Amino acid sequence: MKKISNGIFLLDRKTLISGEEIDHLDKKTAAKGTMSYNIISSHNVSHSSKQLSLRFDALVAQDMTYIGVLQTAIACGLERFNLPFVMTDCHNSLCMMAGTFNEDDHIFSLSAAKKYGGIKVPAHQAIMHQYMREMFAGGGKMILGADSHTRYGSLGTIAIGEGAGELVKQLVGKTYDISYPEVVLVYLDGTPQPGVGPHDIALSIIGEVFADGFVKNRILEFCGPGIEKLPMDYRLGIDVMTTEASCLSSIWETDASVEAFLDIHGRKEDYKEIHPSRIAYYDRALIVNLTEIEPVIAMPFHPSNVFKIEEFNKNAKDIIHEVEATCNKQMEGFGLKLDLMSKLDRNGFKVDQGVVAGCAGGLFSNLSDMADILESQNIGNDAFGLYVYPASQPIMDRLLNTGIASTLIRSGAVLQSAFCGPCFGAGEIPGQNGFSIRHTTRNFANRDGSRPLKGQVSAVALMDARSIAATSVNKGYLIPATKLTDIQYKNRTYVFNKKIYESRCLNRYGQSDPSQGLILGPNIKLFPELPVFRNHLLVKVASCILDPVTTTDELIPGGESTSYRSNPMKLAEFALCTRDPMYVPNAKQIKKEADDMEKNGISSPELSAILERLSASHLNVHGLADITFGSVLVTRKPGDGSAREYAATCQRVLGGIANICNEYATKRYRSNLINWGVFPFVTKDVTDLVVGSYVFIPNLRKNIELDKSSLEAYLIANSEMKKIEMSLETLLAEEKEILLSGCLINYYRRIKEDLK
């Protein structure tokens, strides 16, 4: 691969010329020749091409996120869904850790679909992204999803994954506001080798661009002759993984393969030929030769921790040592250690489990190729297990009709229904010290479902389905699929049966029924009232995590916690439980002090001393009436991964009022903070901040209203007070209003009252 950072022209869709080589070409005009520009422009309702206000064609959320959308939208005064809103039960389908809670949430969303005019996809029918590929995505569309892997670029749709608040804005008639993003050309050439699958390509790209932020918050635009050499399932599988590169979204050139895909799914009219103009200019470029890509493994604990499988097998001891060191550093607070060296013997590195599932793994061609590898062989009767989850019931139907299902089962694989659980920790949780290889989207620490608080530790590596199948017939010893040179891949034809969805899924779009009551189970609780922000801000550090990156899964782990997704206070008990078990008690204590301060004045001697210090300073702070007090989370780079807004709401209901970091890993996490009234501060260095220290930001309301980017702030610790530099970076006009209102719900309630 080759990275180009200084801009590049694409001429006639095939010739790459450096932006510095052609003086007579206008970059500004040529930038309008990208596919991204044309699709975004057609959805932009602002009068500016730089500050965008976007309206989407459809929305989608799953049962770990649609509850937040519904609760927030209803609190904002929702009357009906004004655009198609698909709600799928694909995340907690099999999770039974909280009794009836999961099914109660599913019934609640069904009643909401009837009342407001929505589309409901019940449990086991489809992974949300597969349903959108099959039923909604098409040329020139834009789709917004409450899930970070909302990506349908290979079908000609720009899709963006965000937190629930951004979907609420669409439902109440507002817009998705963002500065026009930079666009990165991903130029594909060559042809993949037999045995190299979409995950090998996707992980190789992620490994190249994630660490240096090469594509962060940018749109990836896939072009080049290599696209036509990729089957549609390869394109879909690569595209969905672009999320792990930290980009904003993606778009691909379309061709006859896309048209055939949409035709198979009964939507030929949604095909649109999409290409860059004859001259197009890109801010950056990544050149990828598909022929040179080999099978890879992404070792714990990130999809970017990529090694060629052959390279891993040659250097296993050194690589394993590094992985163990990373894990054991994170787990030292729990007294746990991961032992992977014990899995290495004279035959190689033996894994405990293989899983192929979800929006990346459970695609038809992946499972078809696996069957060709597993045919007439078996995975053995030892500890190694293989688990396969097709991405939708229509795919399952085709597996049954072609005999693929029988081949997989006869080999010893377990065939399951459509479910996202193995991707976030609610399905096929490895045993103690287990090592699982998975064709899923993520391998963050404890995302496999292990619970360090309960003494559990295990790990996941990402691999393509083909190499997982090859490893399976090798009785769990790691090998790449390219080692099996005698495999004849049948490339079976896929046929889609729409009647499966017609028999089970509810589509009430455009047919809202205000008389329909909402069915609320006992666990479904409203968000507590959140106060309006005052003028000054005083925060106390509840947790300080100085890892290079803090993922959303660490901020609010998946698995059993998600059974309480509709109960804000109960869910908040799990916040940071796999990284800092003291965060929740610390935040609760700070909230108690804040509540006491509101009701009875200051009761804490420490807090009283802080206020006296501020009153005696040049800041002239007098009394409590102008101060908002709460806790703050300090990290280096938070929010990588999931779009789950609960990473923000859990902090907020525990009294969290700010984050302080060097930078935010994703736009969506920062947006979630803002929508819940949590100030997203950045500072050059966070190492001076420790648990128990205070930060005071005077006149914050006034400075936000005055558009001040650099803020005066003071660190108070060990009886000393020193000035530090902090910023809120760029805030859009509506984001300012939301923060100063206390949260998105308060903001929309105020607008509604003003309209009266």
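Modeller: In what follows a strand is a DSSP run of E with at least two residues, numbered from the N terminus. The model is predicted. In it, phenylalanine 301 is found in the loop between strand S16 (296-298) and strand S17 (306-308).

Colleague: What makes the peptide bond between proline 300 and phenylalanine 301 stand out?

Modeller: That bond is cis, with omega at about 5°.

Colleague: What is listed for lysine 475, and where is its place?

Modeller: Lysine 475 has a positive phi of about 60° although it is not a glycine. Its place is in the loop between helix H17 (465-473) and helix H18 (499-504).

Colleague: Why are S11 and S15 said to pair?

Modeller: Pairing needs at least two bridges, and strand S11 (residues 183-189) and strand S15 (residues 284-289) have six, so they pair. The sense is parallel. Valine 184 stands opposite arginine 284 in S15.

Colleague: What is the order of the open sheet, and what is its pairing?

Modeller: The order of the five strands is S1-S15-S11-S12-S13, with mixed pairing. Strand S1 (2-4) and strand S13 (249-252) have a single partner strand each, so one side of each has no neighbour in the sheet; these two are the edges. From one strand to the next the twist averages 20°.

Colleague: Which helices lie across strands of this sheet?

Modeller: Helix H2 (residues 35-43) lies across S11, strand S12 (219-223) and S13, at about 125° to S12. Helix H7 (residues 198-209) lies across S1 and S15, at about 140° to S15.

Colleague: Why do S21 and S22 count as paired?

Modeller: The cut-off is at least two bridges, and S21 and strand S22 (residues 414-415) have two, so the condition is met. Valine 388 stands opposite leucine 415 in S22. S21 (residues 385-388) also pairs with strand S20 (residues 353-356), in the parallel sense over four bridges. There glycine 354 stands opposite leucine 386.

Colleague: Why is the pair of phenylalanine 312 and phenylalanine 349 called edge-to-face?

Modeller: The centres are 5.3 Å apart, within the 6.5 Å limit, and the planes make 80°, over the 60 required, so the pair is edge-to-face. The structure holds 19 aromatic pairs. This one links distant parts of the chain, with phenylalanine 312 in helix H10 (residues 309-314) and phenylalanine 349 in strand S19 (residues 348-349), 37 residues apart.

Colleague: How many cavities are there, and what is the volume of the largest?

Modeller: There are seven cavities of 30 Å³ or more. The largest has a volume of about 190 Å³. Of its 21 lining residues, His91, Asp147, His149, Cys423 and Arg447 lie nearest its centre. Helix H12 (358-361) and helix H16 (421-424) each supply at least two residues of that lining. By class the lining has eight nonpolar, nine polar and four charged residues.

Colleague: What makes three residues of the second largest cavity's lining charged?

Modeller: Asp, Glu, Lys and Arg count as charged, and the lining includes Glu162, Lys667 and Arg668, so these three fall in that class. Gly161 is also in the lining, and Gly counts as polar, so Gly161 is one of the five polar residues. Four others are nonpolar. Strand S9 (158-161) and helix H24 (667-675) each supply at least two lining residues. The space in this cavity is about 70 Å³.

Key
Residues numbered from 1 in each chain as written. Predicted model: local features only at pLDDT ≥ 70, side-chain atom pairs only at ≥ 80, totals over all residues. Heavy atoms only, no water. Axes fitted to C-alpha atoms, helices over the stretch in contact; angles between N-to-C directions. Contact = heavy atoms within 4.5 Å. 1 Å grid on protein atoms, 1.4 Å probe; cavity = no way out; pocket = protein on both sides within 12 Å on 5 of 7 lines; lining within 4 Å. Points joined across faces, edges and corners; volume = space filled by probe spheres on them. Phe/Tyr/Trp six-rings, centres within 6.5 Å; stacked < 30°, edge-to-face > 60°.
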